[in-house]
Amino acid sequence: MIIDLPDTSTREISKKLVRIREQAGLSTIGRVLTLLVLTDHVRGSEAAIEAANEASREHPCRVIVVIRGDRALASRLDGEIRVGGDAGAAEVVVLRTSGAMASQPASLVTPLLLPDTPVAVWWPRNSPTLLSADKMGRLARRRIVDSDAEGHPTDALAKRAAGYSPGDTDLAWARITHWRSLLAATLDRPPHEPITGATVCGPERAASVDLAGGWLASRLGIDVQRAVGPRMVVLERASGTIVVRQTSATSAELTITGLEPTRVSLVARSVADCLAEELRRMDADGVYADALANHDRVIYTSASVR
């Protein structure tokens, strides 16, 4: 069910939410958090809402989406409430703003936050430089961006590293969870030799690939080469190499010197999957912080990797 509230106020939206719950016999008990979504793109907002709805099936929550419109127009707030089948396991409040309203998203969402539950904020793109200093960021314990969705992912990652605060995270980080698990499990197998060289390879503009390099640099204590080409990781040690090469959207080939190649699963991850993963914890992710801090040890190379 979708309820439109044109030219309204947060007070009226809050009253309507209470009436909807009373009429339907619903309760906010069981909602584990409030997820704030801030976007400047009306067309992209539906994709963000859909991803938040899917993530809410794992984390029942209230989703508040602020769509910032033209600041040159008259100040106006149009609201929309989605419940039931149109809201996943959440209740969704969409705030379409213009004029002065578009410049004060934190003031708009504050009256609508669920009491006594943590707050997470997600910028699908165009995230601020300092997440923790942003007014929306100050409301949240978990601050989520997507460096891969920015216009210049490598620059976005550098911005994240320079302004990192505990609680910051990135969907680009969640995209490589399966890669990190596979590599960690492979290195747990004998022979337990030091890794003397590492190369990560992928598209030129892919923050997730750069983060994978930063993670390897932080864990192995070595500089990591970054090549452009098919997605793969090459690790070198005295007895030979370990190569993980993506062969399709859902699988990869693991090749270890002296052993037969094996096929492994690498499940393709949607934005909703990555968002759900980042909402599982509200504390600081120290491993992500280390990967981010070591991203400058990832050195681009012109060498060809095949």
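Two strands are taken to pair if DSSP finds at least two bridges between them. The legends below describe close-up views of a predicted model.

**View 1. Strand 6 and its parallel partners.** Strand 6 is joined to strand 7 (residues 142–145) by three bridges, and the two strands run parallel. Within this pairing, Ala 120 stands opposite Arg 142 of strand 7. Strand 6 also pairs with strand 2 (residues 33–39), again in the parallel sense, over four bridges. There, Trp 122 of strand 6 is the bridge partner of Val 37.

**View 2. Side chains of strand 6.** Strand 6 spans residues 119–122. Val 119 and Val 121 point one way from the strand, while Ala 120 and Trp 122 point the other way. All four of these residues are buried.

**View 3. The second largest pocket.** This pocket has a volume of about 170 Å³. Its lining comprises 13 residues, and those nearest the centre are Gly 44, Ala 47, Ala 48, Trp 122 and Pro 124. Helix 2 (residues 42–56) supplies the largest share of the lining, with five residues. By class, the lining residues divide into seven nonpolar, four polar and two charged.

**View 4. The open sheet of seven strands.** The strand order of this sheet is 14-13-12-11-9-10-15, and the pairing is mixed. Strand 14 (262–265) and strand 15 (298–300) are the edge strands, each pairing on one side only. From one strand to the next, the twist averages 25°.

**View 5. Strands 13 and 14, with the helices on the sheet.** Strand 13 (residues 251–256) runs antiparallel to strand 14, and four bridges join them. In this pairing Ala 252 stands opposite Val 264 of strand 14. Helix 7 (residues 177–187) lies across strand 11 (232–237), strand 12 (240–248), strand 13 and strand 14, and runs at about 150° to strand 12. Helix 8 (residues 207–220) also packs on the sheet, where it touches strand 9 (197–202), strand 10 (224–228), strand 11 and strand 15. The direction of helix 8 makes about 170° with that of strand 9.

**View 6. The largest pocket.** The space in this pocket amounts to about 270 Å³. It is lined by 14 residues, of which Arg 175, Trp 179, Arg 231, Gln 246 and Arg 269 are the closest to its centre. The lining is made up of seven nonpolar, three polar and four charged residues.

How values were computed
Residues are numbered from 1 along each chain as its sequence is written. This is a predicted model: local features need pLDDT of at least 70, side-chain atom pairs count only at pLDDT 80 or more; totals for chains, interfaces and linings use all residues. Side-chain values use heavy atoms; hydrogens and water are left out. Buried means under 20% relative accessible area, exposed over 50%, partly exposed in between (1.4 Å probe, protein chains only). Axes are lines fitted to C-alpha atoms, for helices over the stretch in contact, and angles run from 0 to 180 degrees between N-to-C directions. Contact means heavy atoms within 4.5 Å. On a 1 Å grid over the protein atoms alone, a cavity is a set of points where a 1.4 Å probe fits but cannot get out, and a pocket is an open set with protein on both sides within 12 Å along at least five of seven lines; lining residues have an atom within 4 Å of a point. Grid points are joined across faces, edges and corners, and a volume is the space filled by probe spheres set on the points. Ala, Val, Leu, Ile, Met, Phe, Trp, Tyr, Cys and Pro count as nonpolar, Asp, Glu, Lys and Arg as charged, and the others, Gly among them, as polar.
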